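The exercises below are meant to be worked through with the sequence and the coordinates side by side. Try each task before reading its solution.

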Amino acid sequence: MATPSLKIDHARYVLTVDSERRIIQDGAVLVENGRISRVGKAVELADARADRVIDGRHLVVTPGFFNGHMHISYAHPVRGIFPDEQASPLVHVFNLQSAMTEEEEYHTTLLGLVELIRNGTVCFLDPGSTKFPDACLQAYEDSGIRVILGEGVTDQEAPWALPRFPAGEAIARTASFLAKWNGRLGGRIRAWAMPFSPETCSAELLQALKRMVDEHHTGLTLHHNSGAKARQDSLARHGHSPTAYLESIGVVGPNVLLAHCLGLDDAEVDCIARTRTAVAMCPVTAAKSGRGVPEHGRMPELLARGVKIALGCDSPNNSNHLDIVRAMNMAAIQYKDARQDLRQVPAEAALEMATRHGAEALGQGDELGSIEVGKKADLVCFDTLRPEWQALWNPVNNLVYSADGRSVHTVVIDGRVVVSAYRQTFVDEPRLYAKVQEIGERLQARTGIRFPRSRWPMS
Ligand SMILES: [Zn+2]
């Protein structure tokens, strides 16, 4: 069935993020067969008719947002249980994750999707958290979102309860995952290889998975620890820095997405740029967990070298929210403070990472990431009839420095309206919220993982 045509008419601003970065006042966008067929001034599109017309007079239209590192699964039902000073919650994280049942993961995924979509995310990469993709398929289908999935694998000892298999089995499992999932839901699902990290995977496993994604024209993502400690360990084990080690075994390139990447040295920045390897950075997670961005953050150097960076939210227990607008805000402000230099990471660069460059980092830049004729129609409309959007002179500044995802009014994915006037229609939210709260209670009781509910007396 053909997707009905759609016109957003008289938009107050259209932030195209196209090759010229045009910002169109009193703009219009026409969507036909799921793709953008015309973009321009409203007067230029006055003759364009559509099945549905959205009055854009109070809307700012942007490309849909990409979330390049977003663990969806265990965290929603236990969001906020870790005290601020919990130095490393990872042991608890993976114990909770491994205790999730299929039914629990379906509902917590639904909640994740509601939060992602209502904040304007059109595509997210789950770095191998989802244990029951078959159970979650209905949620992906109903929500209309794009998702990059994979089975998280390791073949080495790890301090946490990660899924571990002999290398041959990890390779076979990844091959069958790609065969089963890549391209489903009309291409909205992409399947990638997802080895957890270089520390928990052998070179043999990493190399085999890289060859596999080269052959299948898909991608590979892994957690990339850098910094002094990781460098020391990597030098001792491999005689290379963490990034040079990956290059030495051939696990770099445009279809490799390195997550976090804090603490890169100059040679590592050069390696990533030279090999056109992509990066996903989670600025709110980095700040909230005290990772020392002033000392370890290299986003400005990576941007200066043209590296494609996607922003991520990590999980509801890392950044604690799934809002790329807030991630843009943090990216744009944290480096100004860290470097005491107001030229660092302009608001426009933050918006590029959330859209055009994020799409490129996730291997979808040809089809997505900007409002240009021929691209798939993934659009976000922000409601400017709100105090944080007043007064409005520079819409990029209002978006990055004043707004957050709560002013997302309309979301379009593949030409289909999935959020309209703030509402999604694929799930009953109050019922879902009660369900997820109950899952959180069950999960804590079952695992015995509990923390004091509050530093303040709660009666
Ligand atoms: Zn992660």
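**Exercise 1.** Which residue follows α6, and what is the sign of its phi? Then work out how the buried and exposed residues of α6 are arranged.

*Solution.* The model is a predicted one. Step one: α6 is followed by G239, whose phi is positive, near 75 degrees. Step two: within α6, which spans residues 228-238, the buried residues include A230, R231 and S234. Seen down the helix axis, the buried residues of α6 fall within an arc of 100 degrees, so they line one face of the helix. Step three: the face turned away from this buried side carries the exposed residues A228, K229, Q232 and A236. Step four: the packing partners of the buried residues of α6 are α7 (242-248) and α8 (266-274).

**Exercise 2.** Identify the atoms that coordinate the zinc ion, and place their residues along the chain.

*Solution.* Step one: the zinc ion is coordinated by the NE2 atoms of H69, H71 and H223, at 1.9 to 2.0 Å. Step two: along the chain these donors follow the spacing H-x1-H-x151-H. Because H69 lies in the loop between β6 (65-67) and α1 (90-99), while H223 belongs to strand β12 (residues 220-224), the pair ties together parts that are 154 residues apart in sequence. Step three: both H69 and H223 are buried.

**Exercise 3.** Is A310 buried or exposed, and which residues beyond its sequence neighbours does A310 contact?

*Solution.* Step one: A310 lies in strand β15 (residues 309-311), and A310 counts as buried because its relative accessibility is 0%. Step two: leaving aside neighbours within four places in sequence, A310 is in contact with G68, V279, A280, M281, M353, G358 and A361.

Technical notes. Residues numbered from 1 in each chain as written. Predicted model: local features only at pLDDT ≥ 70, side-chain atom pairs only at ≥ 80, totals over all residues. Heavy atoms only, no water. Buried < 20%, exposed > 50% of the residue type's maximum accessible area, 1.4 Å probe, protein only. Helix = DSSP H or I, 4+ residues; strand = E, 2+ residues; numbered from the N terminus. Arc of directions from axis to C-beta. Contact = heavy atoms within 4.5 Å. Donors = N, O, S within 2.8 Å, 3.2 Å for Na, K, Ca; no water.
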